[in-house]
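Work through the following exercises with the sequence and the structure side by side, and try each task before reading its solution.

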Amino acid sequence: MADFLASVGDVFALVRQPLGVGLCIAGALLCLIGSVGVIRFPDFYTRLHAASITDTAGASVLLVGMAFVSPTGWVVLKLVFIWLFLFMTGPTSSHAVANAAYLAGLAPKTGRRGDLTDDEGGWS
Amino acid sequence: MDFILERYNYWAIIGLMMIGLYITFQSGNLIKRLTGLSIFQTSVFLFYITLGKVTGGSAPILFGRDLKPHGGEAPTDVVAGAGAAHDAAGDVAGAVYGPVNGLYETYSNPLPHVLILTAIVVGVATLALGLSLIVRIREAYGTIEADEVAAIDLDTAIAEAADREQTEAAA
Amino acid sequence: MIDTIGNMAPAWLQAHAAALLVAVPLICAAINTFLNSGRLSWLVVMAVAAFSFVCSLVLLWQVQDGEVVRYALGGFAPPHGIEFRIDSLNAMFLLLVTGFGLVAAVCSWPTIKAEINPAKHSLFYSAYLVCLTGLAGVAITNDAFNLFVFLEISSIATYVLVAIGARRDRRALPAAFNYLIMGTIGATFFVIGVGFLYAATGTLNMSDMARLIPQSESPRAVQAGLSFIVVGLGLKLAMWPLHSWLPNAYAYAPSFVTIFLSATATKVALYAVIRFLTYVFPQEEAEAMLFAYVFAPLGIAAMVVCSFQAVFQTDVRRTLAYSSVAQVGYMLLGLSLATQTGIAASLLFLFNHALMKGALFMALAGVVLHFQGTQMRDMAGLGRQAPWTMTAFAIAALSLIGVPLTAGFQSKFALLSAVLEHGWPWAAFIIVATSLLAVIYMGRIVEAAFFRAPVNPDKVHKEAPLALLAPLWLLAIANIWIGVDASVPIGLAQAAAEAAIGSGAPAMMGGR
Amino acid sequence: MSDPVAIEIAVFNVILLAMLFVVGAAVARLRSLFAIVMLTGAYSLLSAMWFVTLDAVDVAFTEAAVGAGVSTVLMLGAMLLTSRTAKADRRWARIGPLAVVLVTGSVLIYATTDMPAFGDPFSPANSYVGADYLVMTAADIDIPNIVTAVLSSYRGFDTLGETGVVFMAGIAVALLLGFGERSLSANRARGETAPVRTETKADKSDHHVVLRVVSRILIPVIGIYALYVHFHGELSAGGGFQAGVIISVAVVLYSLVFGIAAALDAVPVAFARGLAAFGVILYAGVGFYALTQGYNFLDYDAILSHGADAAGHHGDTNTHGQHIGIILIELGVLFAVAGSITTIYYAFAGRAPEIRDEDW
């Protein structure tokens, strides 16, 4: 058992850096995808959906990646707190924005894909 | 080439300052004017911070061996420079990039940071006051465009003059 | 007299007058917000202003033999700590600011009671105390960045003090906003200039800067720093053509604010210019050229253009405001000589100008109190309805024109002789010509007040209240007294000019 | 420039500066005030990131909290009370400003041509007073964060002035917006309950339940975080100013979610104003205490100095007194900032708009 744990430790030390970097890149990509979505999606609600990918999935994956490459436990603890904070505020703010838009009477675009053109989509 | 590499930062910041100044002067909308002012000020902050950067330095928070343990002794294997003022020309000129006398690590210059902390506060105070003036102007004039406000003032002045002439004629 | 005050001062006051002068108004501004009664606030403000005035007298006493008082705040020796440094130049401006702070505070209550919402009284007085703190801080500090902080404290207070005038005339709001924009740009320019000087010397202490600038390896940065500081402060002191904010700000601010600002705010900015140009920057060719080729034309342009503009105003307060810009022109002309006599003349001019503009605006405040309007035709016949107020006004007006036996004559005479001594007879001619313009624009007002029938003859005999009339006559008598015997202000101005120009190489300073 | 770290920083520099340029140019061109305000916030946030790459962590913290946070909130508040779009500018009106800007810019560029290179450790700025602080702090004050040491001790008088500015801003905005029939806070003080906003759909059905629950959890956490930032300011980035901003942000959040009336019940206007004044009194009071002990104004060595030492107080330093002094004056800053910014926020948020939501 001890051997196994030790070898796990070795493997972890080996993969820690590449894994962390990889996760950071993945998080950055998610953020990029979210940003593209904000530009490309047709209406407010779908854009909001894309934007919320950035601050939940993108940020979470980035933080996990950072936790892997971080030098000390204190940094990991701080990252956990940041993650908790983002995990609470991100979806809540998306919800608040969507809720406000709904209450203001903004209707989602519905219909087939071809029907939507750029100039009638959402708020631009 | 080195000349440019060493100074591109200043020039970029000057460009940003000028964008802010341009918005302030050019815009007729009072809120936009204030945002221009705030961009101008922020760019001046960038300028100060640029002055204080030291290549290879870190944030001016002592760490590692520079943290004197309480009751411990000051480092003995470096030049004891505590309290000694350095000459403006730099009495260590010619040495490689490295820490200041008496320290193990390299830090950026803390003084511009302190100044800018103060300046940021002054900036936000001005901004708050300017915005409240704009709100009052909107309530008094019904517009926040500088030229419309000026036109209304001119109308008032003309009307006042005409009014006074009438009363004078009546008297 | 000053010796008795100095000798009477207790040891703690002698040791810490510099710090108390600035810190007491600030802490009292905070305490003042807890008071609910405007009258109580007024008493507090008067007490604080009087205390500051005593402090500045003590400082004046300490520096009268050409000595320099230095006060290290926080106990950290400069250049690491912030330092106050008081020589005769500072002492003169501190005396001006606190003296006017006191006089304006005494006369404030009747006009404030009439012009400002009672619920706002104590906050308003707090803002006034903060303004006083800022102006005194600018005049006392020896640290370039600290000067900026105090400049902004006083400016922010000033903007809001001007804007409060909106209760009477909504035009105060855009006036205050323009003032804010111009003033903030000016302050930011000043910060840029200080940044260049810091980059070139590595210090913020003004004495230390003066020591290091000549050996700096970045002369261009120093030049740019100089020009940004001058432009930035020029905006604050309403140097022509950067004065566009001033007339409206003075015209629509509450009366009391105009009294105080006209005598202090722009003057303190002028102090900062003098301090930087004569003390911080080395007296070399470039600076001398700046004096001669920038300040002289700008000063003359201000004198000519703004005197003409003053003639064509219909609102008396705007007339006086334009006249203020023109008077700043005279001071700049005196400065541009870059000689000790020139600067002394300029400082004497400044001192006397504060006395007469203070009196003029104070008399107008009395007029506003009972007769509302300050248009030219509202002035008609006031000489009969409010003889005491308007006589004082007339004395100050004569002084502004420069009639012999008034303070204005002394200052114009000093300026003329300085200009002639420098060999600029054409400048002397312009001074006389613009004085004739002053005869026109002040004469119009005085003529309307004394020789025209009142617009509304039913109006009763209404003087300004005693709280206003007493300081008003104090200033009017001071105008005459200085006109007869100007030894006191001339002594102050000459000592100050000597401190400014003749300070020579500042003392070397080591680290702590 | 061959150092890899230097190149990395240079790359960050270029990217961030380019983004700043884009945002600045967009602000200059746009006419929608909402977009302008948000982009100004973005500009501040980008500069905060840039400050971090240049090692100015304290400045970055403040800029993010103030420039991107408080300023944006205030600008939005002002925008809601005024208008949403700027008028199109006339083309000929651009010439004058452009000329001014070009002249100013060329003077600035002329000045930079003989300035020390970027990052030069031997430039006057980096080798004289600034470097001295790094060395002197250990002996004089003995805290790791040099910025805090300089801010509150060596240049403590500047910070007193800064506290005065914040306090003044609070008074100023209260004077301009906090009185009259349009001001909710003034009306409440008189005992009137004038409805500020008409009922909306949101009030009828409980659409904000998620927000309420989350903010109930968050607000105490924000408060604790503010205290952490405050008391940890000597060891790492942060201090009284940032903490004060964070506390007032908690009030802002509370009032956004639960309504301004509830916020006014929890933190009354008079309390906020009093807090701001108390902060200034506390800060200046520390200075006066030093005077009573025979030291110079704001000399924290006076605190806890034994009477016997007082004779030769310029010799030994008293780091213990410095620590306590710094904590006290930072508390003063915290109170002043929290009180003033809350006052300012109330003044804007409690102002009744004369235009209804539909008229935009």
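A salt bridge is counted here when a side-chain nitrogen of Lys or Arg lies within 4 Å of a carboxyl oxygen of Asp or Glu. Keep in mind throughout that this is a predicted model.

**Exercise 1.** Find how many salt bridges cross the interface of chain D and chain C, and state which residues form a salt bridge there.

*Solution.* Step one is to apply the rule across the interface of chain D and chain C, where one salt bridge is found. Step two is to name the partners, which are D143(C) and R155(D), and to check the distance between their closest N and O atoms, which is 2.7 Å. Since the cut-off is 4 Å, this is the kind of pair that the definition admits. Step three is to look at polar contacts, of which the rule finds 16 residue pairs across this interface, both residues having pLDDT 80 or more.

**Exercise 2.** Describe the side of chain D that touches chain C by its elements and by its kinds of residue.

*Solution.* Begin with the elements that give two or more residues to this side of chain D, among them helix 4 (95–112), helix 7 (146–154) and helix 8 (156–177). Helix 8 of chain D supplies the largest share, 14 residues. Then sort the residues of this side by type, which gives 35 nonpolar, ten polar and eight charged.

**Exercise 3.** How much area is buried between chain D and chain C, and which three residues of chain D supply more of its share than any other three?

*Solution.* First count the contacts, in which 53 residues of chain D meet 66 residues of chain C. Next take the buried area, which is about 4900 Å², with carbon and sulfur atoms giving 74% of it. Finally, Y128(D), F157(D) and L175(D) together supply 14% of the area that chain D buries against chain C, more than any other three residues.

**Exercise 4.** Explain why C107(C) and C131(C) are not bonded to each other through their sulfur atoms.

*Solution.* Start from the search of the whole structure, which finds zero disulfides over all chains. Then consider the distance: the cysteine sulfur closest to that of C107(C) belongs to C131(C), but because 14 Å separates them, they are too far apart for a bond. The cut-off for a disulfide is 2.5 Å between the sulfur atoms. Lastly, consider the surroundings of each cysteine, for C107(C) is buried with a relative accessible area of 1%, and C131(C) is buried with a relative accessible area of 0%.

Conventions: Residues numbered from 1 in each chain as written. Chains lettered and ligands numbered in written order. Predicted model: local features only at pLDDT ≥ 70, side-chain atom pairs only at ≥ 80, totals over all residues. Heavy atoms only, no water. Contact = heavy atoms within 4.5 Å. Buried area = accessible area lost by both parts, 1.4 Å probe. Polar contact = N/O pair within 3.5 Å; in protein donor to acceptor, adjacent residues only side chain to side chain. Helix = DSSP H or I, 4+ residues; strand = E, 2+ residues; numbered from the N terminus. Nonpolar A, V, L, I, M, F, W, Y, C, P; charged D, E, K, R; others polar. Buried < 20%, exposed > 50% of the residue type's maximum accessible area, 1.4 Å probe, protein only.
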